[in-house]
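Reader: I should like to request a close look at a single part of this model, followed by an account of its surroundings.

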Amino acid sequence: MYQVIIVDDEPIIRNGIQAYIDWEKQGLTVVDAFSNGEEALTFLENGKVDILITDIKMPLLDGIQLMRQALKQNPQLKVILLSSYSDFEYAREGLKLGAVDYILKGAL
């Protein structure tokens, strides 16, 4: 099973993503969820994760900064960016860094 973490400062989004998807059926396991990028980065320093699902705009350490640092630690990491912003500049920056997808929260 692939290991997944979810990072979003909005509890309803974090919990909703965890509850909405049948992770096991997809061959995935959500190992943890975090409310900010700093908590997630601390976890990633010691924990093996295959997929990072992260909001772009968060306090302390945003999703783009988290993605940059996480990919330095694990270049094989797959990143999916979430945003409630429809400005494609956020998506473009993340995709340039290697994100595999960009999802608007309104589309969830």
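Which residues does T54 touch, not counting residues up to four places away in sequence?

Author: The model is a predicted one, and its confidence values deserve a word before the detail. The mean pLDDT of the protein chain is 88, with 93% of its residues at 70 or more. Among the elements, β1 has the highest mean pLDDT, 97, and strand β5 (residues 101-104) the lowest, 72. Where pLDDT is low, the predicted coordinates should not be read in detail.

T54 belongs to strand β3, which covers residues 51-55. Beyond the residues up to four places away in sequence, T54 touches V7, G63, L66, V79, I80, L81 and L82. The relative accessible area of T54 is 0%, so this residue counts as buried, the limit being under 20%.

The next residue to consider is D55, likewise assigned to strand β3. D55 has a relative accessibility of 2% and is therefore buried as well. With residues up to four places away in sequence set aside, its contacts are V7, D8, D9, G63, L82, S83 and K105.

V7 appears in both of these lists. Its own contacts, again without residues up to four places away in sequence, are F34, N36, G37, A40, L52, I53, T54, D55, M58 and L66.

V7 also leads to the nonpolar interior. The largest nonpolar core has 22 residues, and V7 is one of those with the most contacts inside it, together with I5, L52, L66, L77, V79 and L81. Two or more residues of this core come from each of β1 (2-7), α2 (37-46), α3 (63-73) and β4 (78-83). The largest share, five residues, is supplied by α3. Another core lies apart from this one; it has nine residues, including I6, W23, L28 and I51.

Two of the contributing helices, α2 and α3, also meet each other. Their axes come within 10 Å and cross at roughly 5°. Because angles under 35 degrees count as roughly parallel, α2 is roughly parallel to α3. On the α2 side the contact is made by G37, A40, L41, L44 and E45, and on the α3 side by L66, Q69, A70 and Q73. By character, the residues of this contact are five nonpolar, three polar and one charged. L66 thus recurs: it is a contact of T54, a contact of V7 and a participant from α3 in the pairing with α2.

Helix α2 also holds E38. With a relative accessible area of 41%, E38 is partly exposed. Leaving aside neighbours within four places in sequence, E38 is in contact with L60 and L61. E38 and E93 are separated by 55 residues in sequence and by 20 Å in space, taken from C-alpha to C-alpha.

L60, one of the contacts of E38, is placed in the loop between β3 and α3. Its relative accessible area is 60%, so L60 is exposed, the limit being over 50%. The phi angle of L60 is near 75°, a positive value in a residue other than glycine.

To return to the part requested, T54 is a buried residue of strand β3, and its listed contacts include V7, L66, V79 and L81, which are among the residues with the most contacts inside the largest nonpolar core.

Definitions and conventions: Residues numbered from 1 in each chain as written. Predicted model: local features only at pLDDT ≥ 70, side-chain atom pairs only at ≥ 80, totals over all residues. Heavy atoms only, no water. Core = buried A, V, L, I, M, F, W, Y, C linked by side-chain atoms within 4.5 Å. Buried < 20%, exposed > 50% of the residue type's maximum accessible area, 1.4 Å probe, protein only. Helix = DSSP H or I, 4+ residues; strand = E, 2+ residues; numbered from the N terminus. Contact = heavy atoms within 4.5 Å. pLDDT = per-residue confidence, 0-100. Axes fitted to C-alpha atoms, helices over the stretch in contact; angles between N-to-C directions. Parallel < 35°, antiparallel > 145°, perpendicular 65-115°, else oblique. Nonpolar A, V, L, I, M, F, W, Y, C, P; charged D, E, K, R; others polar.
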